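Me: Please take one part of this model and go through it slowly, step by step. I would like to know how it sits among the parts around it.

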Amino acid sequence: MRVTGGIGKGRKLKVPAGSRVRPTSDKVKQALFNILGDKVRGAVFLDLYAGAGGVGIEALSRGAGKAVFIDDSRDSLQAVRRNVEQTGFGERAQVVPHRAETFLRKTHERFDIVFLDPPYSLQPEIPLALVSESEVLNPDAIVVAEHFKKQPSPKQAGRLTLYREAQYGDTVLAFYKL
């Protein structure tokens, strides 16, 4: 796993050994950020279910103003911290040890882009509904859910409406707006 674009392009990222982490492939990250384009520049980015932090670090590399990484696994949080420091993005990164649900209930921060890649065993409707019910979204926010191709992307999740889908092998990226 590596950073695929921006100022950190080519830097390798570590994944916790023997962990449950399923990193977003480099191909899918490239596609995601090609679709997001200039919306990333200066954005406040939330990497929910961060794993090793590859997507949030990619956002920082491509010009996001800040990225917040949420995970409840000690191994994942250590990997995110290590990857953020190794790529030199520590000043614009915040690593938060929380369950996604707890963070969404407690935070007062607002985000421009929310990326969620929950375990494939969790239906995408659940984390999308949690994001929709929270107060974390700026009015023009984009929410991107990564999920397994055999799970359909919900057309609606609370206040969120699906506006685009893209499939790469077994992975689907579903894009939502308020």
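Reply:

**Tyrosine 49 and its surroundings**

Tyrosine 49 has a relative accessibility of 17%, and the cut-off for buried is under 20%, so tyrosine 49 counts as buried. The model is predicted. Tyrosine 49 belongs to the loop between strand 1 and helix 2, the latter covering residues 54–61. Its phi is near 60°, which is a positive value in a residue that is not glycine.

Next comes the strand before this loop. Strand 1 takes in residues 44–48, and aspartate 47 is one of them. Aspartate 47 is buried and has no salt bridge. The nearest side chain of opposite charge belongs to lysine 29, at a distance of 9.2 Å. A salt bridge needs a nitrogen and an oxygen within 4 Å, so a side chain at that distance does not qualify. The side chain of aspartate 47 does reach a backbone atom: the nitrogen of glycine 56, at 2.9 Å. If neighbours within four places in sequence are left aside, aspartate 47 is in contact with Gly53, Val55, Gly56, Val68, Phe69, Ile70 and Phe115.

Lysine 29 leads on to helix 1. This helix runs over residues 26–36, and its buried residues are Val28, Lys29, Ala31, Leu32, Phe33, Ile35 and Leu36. An α-helix has 3.6 residues a turn, so residues three or four places apart point the same way. The buried residues of helix 1 pack against strand 1 and helix 2, and also against strand 4 (111–116), strand 5, strand 7 and strand 8. Just after the helix, glycine 37 has a positive phi of about 55°. Lysine 29 also takes part in a network of salt bridges, together with Arg2 and Asp26.

How many salt bridges does a search of the whole structure find? The search gives seven. In one of them, arginine 62 meets glutamate 58, with 2.8 Å from N to O. Both of these residues, arginine 62 and glutamate 58, are buried. In another, the side chains of glutamate 101 and arginine 99 come to 3.1 Å, N to O. Arginine 99 has a relative accessible area of 47%, so it is partly exposed.

A further salt bridge joins lysine 149 to aspartate 170, at 3.4 Å from N to O. This pair links distant parts of the chain, the two residues being 21 residues apart. Lysine 149 is in the loop between strand 5 (137–148) and strand 6 (156–157), while aspartate 170 is in the loop between strand 7 (160–168) and strand 8 (171–177). Both ends can be placed by accessibility: lysine 149 is partly exposed at 38%, and aspartate 170 is partly exposed at 41%.

Rings are the last topic. The count of aromatic pairs is three. In one pair, the ring centres of phenylalanine 103 and phenylalanine 111 are 6.3 Å apart and the planes meet at 50°, so the pair is tilted. Phenylalanine 103 is buried at 7% relative accessibility, and phenylalanine 111 is buried at 0%. A ring can also have a charge over it: lysine 177 lies over the face of tyrosine 163, at 5.3 Å from the ring centre.

Notes:
Residues numbered from 1 in each chain as written. Predicted model: local features only at pLDDT ≥ 70, side-chain atom pairs only at ≥ 80, totals over all residues. Heavy atoms only, no water. Helix = DSSP H or I, 4+ residues; strand = E, 2+ residues; numbered from the N terminus. Buried < 20%, exposed > 50% of the residue type's maximum accessible area, 1.4 Å probe, protein only. Lys, Arg positive; Asp, Glu negative; His and termini not counted. Polar contact = N/O pair within 3.5 Å; in protein donor to acceptor, adjacent residues only side chain to side chain. Contact = heavy atoms within 4.5 Å. Phe/Tyr/Trp six-rings, centres within 6.5 Å; stacked < 30°, edge-to-face > 60°. Lys NZ or Arg CZ within 6 Å of the ring centre and 35° of its normal.
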